[in-house]
Amino acid sequence: MSKKEMPQGTAFQSEVGAGHPSSPLRRKLVTAIAGIPLISASGLVLAANPPTAKINTTKLAVTDTEVTVGILHSATGTMAISETGAIQAEKLAIDQINATGGVLGRKIKVIQEDGASDWPTFAEKAKKLLEENHVAAIFGCWTSASRKAVLPVLERDNGLLYYPTFYEGLEQSKNVVYTGQEATQQVFAGLDWVAKEKKAKTFYLIGSDYIWPRTTMKLARKYIETVLHGKVVGEEYAALGSTDFGSTINKIRLKKPDVIYAAVVGGSNVSWFKQLKAAGINGQNQTLLTLSVTEDEAKGIGGENLAGFYSAMKYFQSLDTPRNKEFVKQFKAKWGATAPIGDVTQAAYEGPWLWKAAVEMAGSFDTDKVVKAEESGKISYDAPEGMVYLEPNHHLKTRLRIGKWRNDGQADIVYTSDYIMPNPFPKGY
Amino acid sequence: MDGYSLSDLWSILVMQGFSGLSLFSVLLLMALGLAIIFGQMGVINMAHGEFMTIGAYTIYVFSKIATNYFPSLMPYYFVLAIAAAFIVAFGVGYVVEFLLIRHLYKRPLDTLLATWGLSLIMQQIFRSVFGAREVSATLPNWLMGAWKPTDTIDIPLNGLFVMLVSVIVTGAVMLFLYRSSWGLHVRATTQNRMMAGSVGINTKKVDRVTFAVGCGIAGIAGAAFTTIASTGPTSGSLYIVDTFLVVVFGGAASLLGTVASAFSIAQAQSILTFFMTNAMGKVVTLLTIIVILMLRPEGLFAAKVRK
């Protein structure tokens, strides 16, 4: 897509953004004086393109015309399947920001590093981005394991990370903005919905065997037992990449739970849903709510194996709003008509925009000042999923949606919650 | 297991038995090709999983062609695609043997490194051609769903299909190795290369075809798996450990050993994962295998090869 077609409708709102709408005139002026800073010009232009020494006192890679950021995802290895969408979304957002004048008058330059689905590599690359490239922000990570590996590096070098995945919560760092949902927003709200709508009393928990599903299920079990007064009749974890769910499915048949509550990740999902279907368990005779199937996975699983089951996500590609339709159109124009847009992809798209809003509110690229702006509670963004609000605890105030999967690999949104305040440290967990 | 009716327990028993058999046929199918390459030829083929992936992608390509251009052929394409999976994997194996493997027959440990490198190259090729995301073939309707002998028993059709394929392939391999003149040449070459050569067997050609057949069978295995799992660039590395486990546990050069080993591993795992958690079931299975291998380092069925 050419840069000219892009700008409309990607409006962000913040204290600063509201004061300086991006006009064609300003864009022309910015382009005209790019590279000739400190020449007296109108106040409008000065505000848009202030001198570098003033807005970058910590030696970040910011010049008079350019600011460098990092993208750090797995482009290779087992996680590439999931992280490809996030990379695409971040690049789209950055292109659009550049087309509307950049951040504080600076065009964004991207250095992309490959975490290669290997947690030590993530830490290594984050260190490289911060210490050699002096990037102003990093957009990246997907698994909790990669985030946990990068966290000490971020905190030591005072870097900024925009992290897009829904995750288990129980974490908050001043160096991270979590644009995905934490457990209380996704898990508790989703459980509330099945308990209310499906009168669910008994639950069978199944997940892949690593930190996110295990922590999530621990939270879910406690919530089911203490708040919903339901019963967990089985809890199981399958090895990552596992393709054999025969025994698990037989156990599920024996226990006949009201709800199968699933957090199986990645390619295992395909075997899991194909085998469920082959065993005669489908959306008509069994309620299944999953936390880990987005449009990305649905494409691999095949809609016919998934139809009638539910996902708890904050975003679905089928969301019927003008803002989302336009986003879907832009995304497909850049990455191809068949590229799926899942929950995390959309959350990754929010990252660069929220960063731009925070930087412009701070009037500086300095991490401490940007963090202060982020914690002001005044940054919001009109995202494809709807308005999101960056709360002082570094998480977004968002809605939860329940999608019912269709044959074509898209979901019908059957429930949208009210706004849920992020609460990464729920009491008693 | 109180609180469940007898008929409930009976149907679970049947389905659980089937799930064990189904895992058995999966493991057997994966291991057959490797049993030929590793067992007969002594080549440690770390790229074996990637040959399975080739088969799986072949099915994917055929399903795309069928849905987009020949929707009327959709119910039948799968059988054709399996044959194609064999041919493609066979062809690639043939070329790989010529370019890489034949230079390394006297250095088995180097085959490990070379084929591991090969597997990385192949993964990158898959990634470049098909993208990093996992794909999944559209299956014909007759492969979906379940056979219901009674109201409470569901036997997955895709499981039955994989079982059927593995029976056919095992039979074909038996015939190939023990009833055909090719098989005779193969066995002669692996047992005593010099002597085989001096009685007029073209050992180089035997090597090449044997390796390619092993790869072709991997292709069929990969093709069959598309009915139960998805395909990604790195799918092969998921299979390779289980595959070597089956072959080594069975006794490398013995086809019967491979069958016995796949059966016992599958049943143990299936039964244990039903009564324990998934992870514990796997751990106990692996520990048992280790203990048995300590007692019988050659595997369940040691081949009678002159040393």
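## A tour from a hairpin in chain A to the contact with chain B

Begin in chain A by selecting strands β15(A) and β16(A), which form a hairpin with 5 residues between them, and in whose turn A:Gly409 has a positive phi of about 80 degrees. This is a predicted model, and each stop on the tour should be read with that in mind.

Keep the hairpin on screen and colour residues 401-405 and 411-416 of chain A, the strands β15 and β16, which run antiparallel and are joined by 5 bridges. To see one of these pairings, select A:Ile402 and look across to β16(A), where A:Tyr415 is its bridge partner.

Now leave the hairpin, show both chains, and select the residues through which they touch: 38 residues from chain B and 42 residues from chain A take part in the contact. The area buried between the two chains is about 3,000 Å², with carbon and sulfur atoms giving 53% of it. On the side of chain B, pick out B:Arg133, B:Glu134 and B:Asn278, the residues that lose the most area to chain A and that together make up 22% of what that side buries.

Which residue forms a salt bridge with B:Asp154? Select A:Arg253, whose closest approach to B:Asp154, taken between N and O atoms, is 3.0 Å; the count between chain B and chain A is 1 salt bridge. Polar contacts between the two chains come to 14 residue pairs, counting pairs with both residues at pLDDT 80 or more.

To place the chain B side of this contact on its elements, colour α1 (6-40), α10 (255-275) and α11 (278-295) of chain B, the elements that give two or more residues to the side touching chain A. The largest share, 7 residues, comes from α1(B). By residue type, the side of chain B that touches chain A divides into 18 nonpolar, 14 polar and 6 charged residues.

For the last stop, centre the view on B:Asn278, which is found in helix α11 of chain B. Is B:Asn278 buried or exposed? B:Asn278 counts as buried because its relative accessibility is 8%, which falls under the 20% cut-off. Display its surroundings next: leaving aside residues up to four places away in sequence, B:Asn278 touches A:Glu236, A:Tyr237, A:Ala238 and A:Thr248 of chain A, together with B:Thr273 of chain B. Among these neighbours, select A:Glu236 and show its side chain, which is joined to the side chain of B:Asn278 by a polar contact of 3.1 Å.

Methods:
Residues are numbered from 1 along each chain as its sequence is written. Chains are lettered from A and ligands numbered from 1 in the order in which they are written. This is a predicted model: local features need pLDDT of at least 70, side-chain atom pairs count only at pLDDT 80 or more; totals for chains, interfaces and linings use all residues. Side-chain values use heavy atoms; hydrogens and water are left out. Contact means heavy atoms within 4.5 Å. Buried area is the accessible area (1.4 Å probe) that two parts lose on being put together, summed over both. A salt bridge is a side-chain nitrogen of Lys or Arg within 4 Å of a carboxyl oxygen of Asp or Glu. A polar contact is a pair of N or O atoms within 3.5 Å; within protein, one must be able to donate a hydrogen and the other to accept it, and residues adjacent in sequence count only if both atoms are side-chain atoms. Helices (H or I, at least four residues) and strands (E, at least two) are DSSP runs, numbered from the N terminus. Ala, Val, Leu, Ile, Met, Phe, Trp, Tyr, Cys and Pro count as nonpolar, Asp, Glu, Lys and Arg as charged, and the others, Gly among them, as polar. Two strands pair if DSSP finds at least two bridges between them. Buried means under 20% relative accessible area, exposed over 50%, partly exposed in between (1.4 Å probe, protein chains only).
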